[in-house]
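Colleague: I am new to this model and would love a guided look at how its parts are held together. Could you take me through the salt bridges closely, and then show me what surrounds them?

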Protein chains: 4
Amino acid sequence: MLIKIKKSARADDIRIIRELLDRNNLGHRVIGEALIGVESNPTEELSRELIALDAVESATPIATPYKLASLAAHPEKTVIRIGNIEIGGQNIILMAGPCAIESQEQLEAVAEGLKGTGVSVLRASAYKPRTSPYSFQGMGEEGLKLHAKAKEKHTLLIETEVMDVRDVALVASHVDIVRIGARNMQNFDLLKEVGKCGKPVILKRGMSSTIEEWLMSAEYIIAHGNPNVILCERGIRTFENATRSTLDLSSIPVLKSLTHLPVIVDPSHAAGRKDLIPALSAAAIAAGADGLLVEVHANPKKAKCDGKQALLPHEWAALVAQLKKVAHAMGRSI
Amino acid sequence: MLIKIKKSARADDIRIIRELLDRNNLGHRVIGEALIGVESNPTEELSRELIALDAVESATPIATPYKLASLAAHPEKTVIRIGNIEIGGQNIILMAGPCAIESQEQLEAVAEGLKGTGVSVLRASAYKPRTSPYSFQGMGEEGLKLHAKAKEKHTLLIETEVMDVRDVALVASHVDIVRIGARNMQNFDLLKEVGKCGKPVILKRGMSSTIEEWLMSAEYIIAHGNPNVILCERGIRTFENATRSTLDLSSIPVLKSLTHLPVIVDPSHAAGRKDLIPALSAAAIAAGADGLLVEVHANPKKAKCDGKQALLPHEWAALVAQLKKVAHAMGRSI
Amino acid sequence: MLIKIKKSARADDIRIIRELLDRNNLGHRVIGEALIGVESNPTEELSRELIALDAVESATPIATPYKLASLAAHPEKTVIRIGNIEIGGQNIILMAGPCAIESQEQLEAVAEGLKGTGVSVLRASAYKPRTSPYSFQGMGEEGLKLHAKAKEKHTLLIETEVMDVRDVALVASHVDIVRIGARNMQNFDLLKEVGKCGKPVILKRGMSSTIEEWLMSAEYIIAHGNPNVILCERGIRTFENATRSTLDLSSIPVLKSLTHLPVIVDPSHAAGRKDLIPALSAAAIAAGADGLLVEVHANPKKAKCDGKQALLPHEWAALVAQLKKVAHAMGRSI
Amino acid sequence: MLIKIKKSARADDIRIIRELLDRNNLGHRVIGEALIGVESNPTEELSRELIALDAVESATPIATPYKLASLAAHPEKTVIRIGNIEIGGQNIILMAGPCAIESQEQLEAVAEGLKGTGVSVLRASAYKPRTSPYSFQGMGEEGLKLHAKAKEKHTLLIETEVMDVRDVALVASHVDIVRIGARNMQNFDLLKEVGKCGKPVILKRGMSSTIEEWLMSAEYIIAHGNPNVILCERGIRTFENATRSTLDLSSIPVLKSLTHLPVIVDPSHAAGRKDLIPALSAAAIAAGADGLLVEVHANPKKAKCDGKQALLPHEWAALVAQLKKVAHAMGRSI
């Protein structure tokens, strides 16, 4: 249930509502100044009691455990405007770049290579979640600065991953979009923190996350103050080992039926091998994706991570030409 | 390894080769009159010994456990010609129809509804694998006859499932394409039998089958005499329960890199709900599928099985119009 | 629902019941002479109508899709008596032997090695489901004969796999217990056939089978006339690749809460490596298994299949000594 | 590779080694004062070059990606001593308590109920990872204080979950063992932080984590200074939905063959229903677990989370009596 509070309500009124929910063992959270999200729907009797309260403007029961992320509760599609782009609109947004920021030269070479390919967001990570404590862990703040420089020089928007709650403010001050990686999809403290960061958030699907759990993680971010969540399908873990993860493109139409949030696809991490990227990118667009997040590197053989899944700039350019046709066939543009 | 036998070879020569393989503990099988498939590659020494034999024309080591299905060993794409259609060619083949054959009226209504939508194969099952022994098990031979009548009347090709080795000859005598269902992908006796049936075979992927195991099952069919195998992706079993199975569209480009066999997609059984079919069908074509196998029913609410995933004929017609655009964008036609 | 028919009922009475069910679109099956299994529970109104029929003795609604296999419908545990053993009783039954029957010498060596270790059933397969068409496919009927000889000589019961409906009668005539392998758990025609074979059946869990689907396959066998079904947990397919399958020991207490059928465990196929067999065997007994099915081979390095997972006879003997202690701790015996 | 540095080495010597590794593109990390962990094994040539350096005492190649956690590199089992208990020794350690700390009364009731049952560690969480932002999120610091009080009063050790890097120091100052939950198994910043916290760490397996990835997360903690890691199996995510997760008891013997770290099992979160706890606990001990982590609540129906999986104190007491027998059968004690 979502309870809307009247503007005239005072702190005491809200306290009374909350105590009533507490007495009935209903988890809840005050969202901003005018809303209370309730874990599940109260009984009819309690619903009547709530609506009867002076401070309550409306009390809407919602069938799904996510409320703010629900399409039923919010039938208008969310379109996120950043600079001169719109994510979730008619246009399909291309985000591309290297896995990790390795040096100014490397970032520069990729940014140069992306020129004229319709990319509006330069992806790259300064903080890297690595399976091994001995692997390259990212350039950290120094990397963020290189990323910001590239933004200036190439008039691109930039996005990057944040892993540590203590880095959220710093990261958000440098980039246009912050990204939550698959391994942190249920790092709830991090979700709360990016909920307060003021920048749009790409929320990658966890490797063993159901679509419902994914939407619940989006709900965390929205309920903590940030409505600009972009869901990113990147594959789930299955028994199949021909690909690193199994890209679940069904999640796109499923999400479109459940939520108003934009959905993008990362074929690179799903596949783990670059030869599959063209087919998976085209399929993602045909399935209804609002954008793509693809790894491109000017020298993948020397990449400090994930070189096998990165396209060369000219391969990327050729792919975009093909993707434009598919987007057009689907009544959209790139 | 594939060992090619000289035309001049006699039974005794082949016996000598087989004994040599046996002594070296190498499983193998004589395929037709001129080929021996060997489980794995012999040592270099044994390879030299084999090639030195008079009866051996060539002995080709093959890196993958499937040999005849391998693209490396057979770089030319398989195009299967049935009637006036080609499966695996430039044109994308549409197969549609009800889950089960229920009556002449039902089949007639669907066949009528499919008119003018570019469908070349009428799918429908007379034998149904049902989880419950109490559920409708299919009309059996009577259903096959109705299917054959519909073929005549509507000049459509027809395909149907075969489940029991004892039914293979009967089924093959009625239809143009026989289908092996997901649950029977590793029913090896059935694979051997359809290997001898003389009709093209649609081989659905097992619910927990890796791509390699799937190709090994195709290898069974080819090694038993039938090169006309069509692989059908229909989703794998994962933890996600928003869909009945998780459609693994990555399997299409993976297969294209490993095998010369055509690949089609069944979005209906993967999704288990009809609202996802348009997105998944478009995605399948964008990913490179050579055809689609879709459930269409004129009265899904009364369907004896799987009604929830069947499109109405007019929904199907609208979908085909969209799919033509995607096919065109991919340089193909429908 | 299970409908019990009065002994006095005539064919016409049964026809009337079936037509009533048909008109209400309820799948069903006549089981033996006195029972009709119905796919799902009729409405209250229809239930009343059914009970009011002269020929109906009782009509019991059952919550689960399996009826005859349900503990709720049949609260007494099934104990299967074969020769002088009981499967499902207080005693834990040990079944051991090689994966495949390879020769008389091989079978003899294993049978000798098992002497005095408390094994009551000699397992071994004459028909082998192999991923590759080029691998050893089993000795077939000749193997069955060797198996029967070993039975005579060593006064052991014997069990073996059947894969092809055409072999069921032959196999059942040679062995005490027939086994359905994991790949055939939903080979419904085979289930129907072993339902009529007159010998107890070990039904292995399919690699991607839920517990409910497994019980539905047991239901097939029982509904076709054979109440003596032994469920065999052998691991499910997951993303973990340290083991061949993931042994799901939770299935034992889950099954004990749902069905009256005995449950045994095959740790060998689950693990795929022999070093894990002792721990998994002990755990299976502690979890409540009624028996174990373990691979033992006198010369695993020369085994034609699955040598890596076979214990040597002296390893097996040492394990049994340990298992007796665990069984005793659980209030059972070996 | 693990490179051991001579005590006589100076900062400059270490810098030289690191630069050599960097030039060869080998990720690495200095561990404490005398060790460098290297991502993978250098070439033979580079290995010789490293060993030839004055400052290098030894350079041990290690086959697995985890080095410090590897049994091969550290053949002596780790036994963790806390207060008067040993984790990883002959005795099996029992940890029990409620899912969440809810109030002093609740914690008191459980602690009372556990008396005399052989429990040495009182488990309970002050910080709760909840799927919904509207659900009870734990009592936080106030909960930690109640936990510490219960420790005093009942002379029990205590353990609790930490989720946020900013809470690690606070949590570690209150409890004897900190716990990393399944969702945070690859929250690498959190792993680094608990690596520095000075208290033993229970590391739960991630829901989609392979055993190798799990050991890599343990490696993070050890490489950041904390050798006292206890691995906790709690089930993996699969398609089976009769249980919340699929408890993978094979992981116990697999881990015992790969690592020297102690392994415990949490049957409560795996099963998600209390009726399975007895069977799974017994099986865990039979499989070789060094301890159990079980949810016990004096009033599960009023529990703020996971009430369905919590045992009542008298059920727990009865279970322990049974577990003692199994432990004894396995040559261990409780």
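Colleague: By the rule used here, how many salt bridges does the count come to over all chains?

Modeller: Happy to help! The count comes to 96 salt bridges over all chains, a salt bridge being a side-chain nitrogen of Lys or Arg within 4 Å of a carboxyl oxygen of Asp or Glu. Please keep in mind that this is a predicted model, where local features need pLDDT of at least 70 and side-chain atom pairs 80 or more, while totals for chains, interfaces and linings use all residues. Residues are numbered from 1 along each chain, chains are lettered from A and ligands numbered from 1 in the order written, and side-chain values use heavy atoms, without hydrogens and water.

Let us begin inside chain B. Lys204(B) and Asp266(B) join their side chains in a salt bridge, with 2.5 Å from N to O. Lys204(B) sits in strand β11 (residues 201–204) and Asp266(B) in the loop between β13 (263–265) and α9 (267–271), so this pair ties together parts that are 62 residues apart in sequence. Helices (H or I, at least four residues) and strands (E, at least two) are DSSP runs, numbered from the N terminus.

Now for the salt bridges between chains. At the interface of chain D and chain A, the rule finds 4 of them. One pairs Glu213(A) with Arg237(D), whose closest N and O atoms are 2.7 Å apart. Here 39 residues of chain D are in contact with 39 residues of chain A, contact meaning heavy atoms within 4.5 Å. About 3,500 Å² is buried between these two chains, and carbon and sulfur atoms give 51% of that. Buried area is the accessible area (1.4 Å probe) lost by two parts on being put together, summed over both.

Chain D also meets chain C, through 35 residues of chain D and 35 of chain C. The buried area there is about 2,600 Å², with carbon and sulfur atoms giving 71%. The rule finds 2 salt bridges across this interface. In one of the salt bridges, Arg205(C) partners Glu240(D), with 2.7 Å between the closest N and O atoms.

Chains A and B offer a helix pairing to look at. Helix α11 (residues 313–329) of chain A and helix α11 (residues 313–329) of chain B have axes that come within 8 Å and cross at roughly 170°. That makes α11(A) roughly antiparallel to α11(B). Gln322(A), Lys325(A), Val326(A) and Ala329(A) make the contact with Gln322(B), Lys325(B), Val326(B) and Ala329(B). By class, these are 4 nonpolar, 2 polar and 2 charged residues.

A short note on those terms: axes are lines fitted to C-alpha atoms (for helices, over the stretch in contact), with angles from 0 to 180 degrees between N-to-C directions. Under 35 degrees counts as roughly parallel, over 145 as roughly antiparallel, 65 to 115 as roughly perpendicular, and the rest as oblique. Ala, Val, Leu, Ile, Met, Phe, Trp, Tyr, Cys and Pro count as nonpolar, Asp, Glu, Lys and Arg as charged, and the others, Gly among them, as polar.

Back in chain B, helix α1 (residues 11–23) packs with helix α2 (residues 44–52) at about 170°, their axes 11 Å apart. α1(B) is therefore roughly antiparallel to α2(B). Ile17(B), Leu20(B) and Leu21(B) of α1(B) form the contact with Leu46(B), Glu49(B) and Leu50(B) of α2(B). This contact has 5 nonpolar, no polar and 1 charged residues.
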